[in-house]
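Here is a short report for a first look at a protein chain. Keep the sequence and the 3D view side by side as you read.

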Amino acid sequence: MRLSITIGVLAASLLLSACNGKEEAAMPPPFALTEEAMGRYCGMNVLEHAGPKGQVILQHIPEAIWFSSARDTIAFTMLPEEPRDIAAIYVSDMSKAQSWDEPGAENWVDAKKAFYVIGSTQRGGMGTEEAVPFSSEADARAFAEKHGGRLVRFDDMPQDYILGSGDGTPADASAFDPPATSADAEGHEHG
């Protein structure tokens with residue numbers, strides 16, 4: 001009897017882990033940012049704004065919902081009135097960004113795996129405080145050393161920071177220099 005229970009528990013565990021692997025594998029890839037991308041909350045062309053961008057893909061809608069900032073992207077996941085059937089959340093990977101003004105059209109990172117700098121002097125797409133995403137923790141730390149702020153992960157993002165007013169004084173966006181401190185950022189050519 002114990003053996004059959006043990007085998008049943010083991011089989012159920014294997015089945016659940018196989019399902020989790022399928023769910024991760026089924027995550028849709030990010031869309032490339034184009035001139036047609038309009039921000040969900042601002043209604044403006046996303047390309048008209050400096051800093052990191054974001055996109056959310058819902059489970060049953062095969063197109064991206066665009067955001068002019070990473071902060072707005074995260075806000076979407078916190079607001080009770082927004083859909084909950086999220087298949088994927090992507091934010092600009094500033095570890096691979098050409099500049100603050102040109103964060104890239106195809107360099108996305110899974111928002112749940114990114115390292116964020118919050119409270120920096122850099123301002124996002126609408127001139128508000130930003131959650132600056134990086135695929136590399138070393139790059140995020142180098143950015144925080146240069147522009148201030150602190151590192152947080154997606155699951156630890158303070159809701160009051162994301163949903164607050166974010167009306168700090170804008171900084172000079174031209175000061176952004178993508179750090180080349182991580183192994184994957186060194187020797188990387190932008191373009």
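## Layout of the chain

In what order do the elements of the protein chain run from the N terminus on? The order is α-β-β-α-β-β-β-β-α-β-α. The protein chain has four helices and seven strands. Both kinds of element are DSSP runs, numbered from the N terminus: helices are H or I with at least four residues, strands are E with at least two.

This is a predicted model, where local features need pLDDT of at least 70 and side-chain atom pairs count only at pLDDT 80 or more, while totals for chains, interfaces and linings use all residues. Residues are numbered from 1 along each chain as its sequence is written, and side-chain values use heavy atoms, with hydrogens and water left out.

## Confidence

The pLDDT is the predictor's confidence in each residue, from 0 to 100. Its average over the protein chain is 81. At least 70 is reached by 73% of the residues.

Two stretches score low. Residues 3-19 stay under 50, and the model gives them zero contacts (heavy atoms within 4.5 Å) beyond four places in sequence. Residues 168-191 are also below 50. That stretch has 48 contacts in the model beyond near neighbours in sequence.

## The three-stranded sheet

Three strands form an open sheet. Their order is β6-β5-β7, and the pairing is antiparallel. Two strands count as paired if DSSP finds at least two bridges between them. The edge strands are β6 (129-134) and β7 (150-153), each pairing on one side only. From one strand to the next, the twist averages 40°. Strand β5 (residues 115-123) is joined to β7 by four bridges. One residue pair to find is Phe-115 with its bridge partner in β7, Arg-153.

Helices lie across these strands. Helix α2 (residues 70-78) crosses β5 and β6, at about 95° to β6. Helix α3 (residues 137-147) lies across β5, β6 and β7, at about 25° to β5. For such angles, axes are lines fitted to C-alpha atoms, for helices over the stretch in contact, and the values run from 0 to 180 degrees between N-to-C directions.

## Burial and surface

How much of the protein chain is buried? Buried residues make up 41% of the 191 residues. Buried means under 20% relative accessible area, exposed over 50%, and partly exposed in between (1.4 Å probe, protein chains only). The protein chain exposes about 10,300 Å², with 53% supplied by carbon and sulfur atoms. These areas come from the Shrake-Rupley method with a 1.4 Å probe; for residues, only the protein chains shown count as cover.

Of the contacts in the protein chain with a separation of 6 or more, 65% are between residues 24 or more positions apart.

## Salt bridges

A search of the whole structure finds three salt bridges. Each needs a side-chain nitrogen of Lys or Arg within 4 Å of a carboxyl oxygen of Asp or Glu. Glu-82 pairs with Arg-40, with the closest N and O atoms 2.6 Å apart. This pair links distant parts of the chain, 42 residues apart. Glu-82 sits in the loop between α2 and β3 (86-92), Arg-40 in the loop between α1 (2-25) and β1 (54-58). Glu-82 is buried at 9%, whereas Arg-40 is partly exposed at 38%.

Asp-93 and Lys-96 meet at 4.0 Å, N to O. Asp-93 is buried at 1%, and Lys-96 is partly exposed at 34%. Glu-137 and Arg-141 meet at 2.8 Å, N to O. Both lie in helix α3, four residues apart, about one turn of the helix. Glu-137 is partly exposed at 34%, and Arg-141 is partly exposed at 43%.
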